[in-house]
Amino acid sequence: MSRVQLALNVDDLDQAVVFYTKLLGVAPAKRRPGYANFAVAEPPLKLVLLENPGQGGTLNHLGVEVATSRVVHDEIARLTGEGLFTDEEIGTTCCFATQDKVWVTGPGGERWEVYTVLSDSETFGEAPVGSDACCGAAAPA
């Protein structure tokens, strides 16, 4: 399994969930305070909604969800070999899941992650939803 991820900032999570449920024809796969995600089979898409009042309608980050940690580690090696700086997060808690991931930043400042979900988590991560930690808007150093 591999699918593209699109993470959007939304002003009002409840309104956004209603809209995207209708648009995509599926209910959220996960819903927590300030956070929801949709796992769409066709086309393969993971849509993540992050409640960030005042930032609604903006891109938070992009990603590619992969099936295993081995694929994440292969991507770390490949991206490093391509000369791209990588920010690795192995066994991190983010977006209510424990994940292995690697981040790169595109030429326009857009953040991309390649990640796999290891398990669900009851917490968003080390910092609250909408902060610069985890999958917030700040680019890695």
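Arg-3 and Glu-65 are both buried; buried means under 20% relative accessible area, exposed over 50%, and partly exposed in between, with a 1.4 Å probe and protein chains only. Their side chains meet in a salt bridge, 2.6 Å from N to O. The pair links distant parts of the chain: Arg-3 is in strand 1 (residues 2-10), Glu-65 is in strand 5 (residues 59-66), and 62 residues separate them. Lys-46 joins Arg-3 and Glu-65 in a network of salt bridges.

The model is predicted: local features need pLDDT of at least 70, side-chain atom pairs count only at pLDDT 80 or more, and totals for chains, interfaces and linings use all residues. Residues are numbered from 1 along each chain as its sequence is written, and side-chain values use heavy atoms, leaving out hydrogens and water.

**Salt bridges**

A salt bridge is a side-chain nitrogen of Lys or Arg within 4 Å of a carboxyl oxygen of Asp or Glu. The structure holds six. The table gives three, including the pair above.

| Pair | Closest N and O atoms |
|---|---|
| Arg-3 and Glu-65 | 2.6 Å |
| Asp-14 and Arg-31 | 2.3 Å |
| Arg-78 and Glu-75 | 2.9 Å |

Asp-14 forms its salt bridge with Arg-31. Asp-14 lies in helix 1 (residues 13-24) and Arg-31 in strand 2 (residues 30-32), so the pair ties together parts 17 residues apart in sequence. Arg-31 counts as partly exposed because its relative accessibility is 37%.

Arg-78 and Glu-75 both lie in helix 2 (residues 69-81), three residues apart, about one turn of the helix. Glu-75 is buried, with a relative accessible area of 19%. Arg-78, at 44% relative accessibility, counts as partly exposed.

**The sheet**

Helices (H or I, at least four residues) and strands (E, at least two) are DSSP runs, numbered from the N terminus. Two strands pair if DSSP finds at least two bridges between them. Eight strands form an open sheet in the order 2-3-4-1-5-8-7-6, with mixed pairing. Strand 2 and strand 6 stand at the edges, each with a single partner strand, so one side of each has no neighbour in the sheet. The twist averages 20 degrees from one strand to the next.

At one edge, strand 2 runs antiparallel to strand 3 (residues 35-40), joined by three bridges. Arg-31 stands opposite Ala-36 in strand 3. Helix 1 packs on the sheet and touches strand 1, strand 2, strand 3 and strand 4 (45-51). Its direction makes about 5 degrees with that of strand 3. Axes are lines fitted to C-alpha atoms, for helices over the stretch in contact, and angles run from 0 to 180 degrees between N-to-C directions.

At the other edge, strand 6 (residues 87-94) pairs with strand 7 (residues 97-105) in the antiparallel sense over six bridges. Thr-92 stands opposite Gln-99 in strand 7. Two residues lie between the strands of this hairpin, where Cys-95 takes a positive phi near 55 degrees. Helix 2 lies across strand 5, strand 6, strand 7 and strand 8 (111-120), at about 15 degrees to strand 7.

**Lys-30**

Lys-30 lies in strand 2. At 10% relative accessibility, Lys-30 counts as buried. A polar atom of its side chain is 2.7 Å from the backbone oxygen of Phe-96. Not counting residues up to four places away in sequence, Lys-30 touches Tyr-35, Ala-36, Asn-37, Cys-95, Phe-96, Ala-97 and Asp-120; contact means heavy atoms within 4.5 Å.

Notes
Polar contact = N/O pair within 3.5 Å; in protein donor to acceptor, adjacent residues only side chain to side chain.
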